[in-house]
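User: Please take a close look at a single part of this structure, and then work outwards from there to the parts around it. I am in my first year, so please go step by step.

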Amino acid sequence: YSGYGTPPPPVHTEYPRTVYERHLHIAAPLFIDAVNHASLDESFRALLLEQKVHSLAMLPLVAGKRQIGTLMLEGETQRTFTGSETRILPPLIDQLTISVENQRLFAQTQAALAETG
């Protein structure tokens, strides 16, 4: 955080599952230039606007055939995502997904070794 704009929420902030869950299980990247004009359910839109989120990219992290998470990039100003951004971000997300999945598998292996050792 650079000190400019709205500070991010504290680490370990929990968000209402009933509001977020439906929107985070997505099959393809979603780029929203203007939250106030997007077709989102009203509770999700209100929560985003309360947090001063005016543009949003939601990028699913898919490992194999299962979604392991969603990366949300939030902007305080309304903006138009360029074709370059919408083309470049998905391959970067694929690399991030591999890293996250490798870390999960490493932790799982370490835990199994600790149990047997």
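Analyst: In this predicted model, Ile26 is in contact with Met58, Pro60, Gln67 and Thr70, if its neighbours within four places in sequence are left aside. Ile26 itself belongs to the loop between H1 and E1. Is Ile26 buried or exposed? Its relative accessibility is 17%, and buried means under 20%, so Ile26 counts as buried. For a sense of scale, the C-alpha atoms of Ile26 and Ser84 are separated by 21 Å, and these two residues are 58 residues apart along the chain.

We can now turn to the strands. E2 covers residues 55-63, and E3 covers residues 66-75. These two strands pair in the antiparallel sense, over 9 bridges, and they form a hairpin with 2 residues between them. Gly64, which sits in the turn of this hairpin, has a positive phi of about 65°. One of the pairings joins Ser55 to Gly75 in E3, its bridge partner. As a general point about such elements, the side chains of a regular strand alternate between the two faces of the sheet.

E2 also takes part in the largest nonpolar core, because helix H1 (17-24), helix H2 (42-50) and strand E2 each supply at least two residues of the largest nonpolar core. This core has 14 residues, and those with the most contacts inside it are Tyr20, Val35, Leu40, Phe44, Leu48, Leu56 and Met72. H2 gives the most to this core, namely 3 residues. Leu48 shows how parts of the chain meet: leaving aside its neighbours within four places in sequence, Leu48 is in contact with Tyr20, Val35, Leu40, Val53, Leu56, Met72 and Glu74.

The aromatic residues deserve a separate look. A search of the whole structure finds 3 aromatic pairs. In one of them, the rings of Tyr15 and Tyr20 have centres 5.0 Å apart and planes at 50°, so this pair is tilted. The two partners differ in exposure, since Tyr15 is partly exposed, at a relative accessible area of 36%, whereas Tyr20 is buried, at 6%. Tyr20 also pairs with Phe44: here the centres lie 5.3 Å apart and the planes stand at 80°, so the pair is edge-to-face. Because Tyr20 lies in helix H1 and Phe44 in helix H2, this pair ties together parts that are 24 residues apart in sequence. Phe44 counts as buried as well, at 0% relative accessibility. Through ring pairs, Tyr15, Tyr20 and Phe44 are linked into a cluster. A ring elsewhere meets a charge instead, for the charged end of Arg79 sits over the ring of Phe81, 5.0 Å from its centre.

Finally, consider helix H3, which runs over residues 83-116 and has 34 residues. From its first C-alpha to its last, H3 reaches 51 Å, close to the 50 Å expected at 1.5 Å a residue. Within H3, Leu89, Ile93, Thr97 and Glu101 are buried. Which strands are included in what covers the buried residues of H3? They include strand E1 (30-32) as well as E2 and E3, and these last two are the strands of the hairpin described above.

How values were computed:
Residues are numbered from 1 along each chain as its sequence is written. This is a predicted model: local features need pLDDT of at least 70, side-chain atom pairs count only at pLDDT 80 or more; totals for chains, interfaces and linings use all residues. Side-chain values use heavy atoms; hydrogens and water are left out. A nonpolar core is a set of buried Ala, Val, Leu, Ile, Met, Phe, Trp, Tyr and Cys residues joined through side-chain atoms within 4.5 Å. Buried means under 20% relative accessible area, exposed over 50%, partly exposed in between (1.4 Å probe, protein chains only). Helices (H or I, at least four residues) and strands (E, at least two) are DSSP runs, numbered from the N terminus. Contact means heavy atoms within 4.5 Å. The expected span of a helix is 1.5 Å times one less than its number of residues. Two strands pair if DSSP finds at least two bridges between them. Rings of Phe, Tyr and Trp (its six-membered ring) pair if their centres lie within 6.5 Å; planes under 30 degrees apart count as stacked, over 60 as edge-to-face and the rest as tilted. A charge sits over a ring if NZ of Lys or CZ of Arg is within 6 Å of the ring centre and within 35 degrees of the ring normal.
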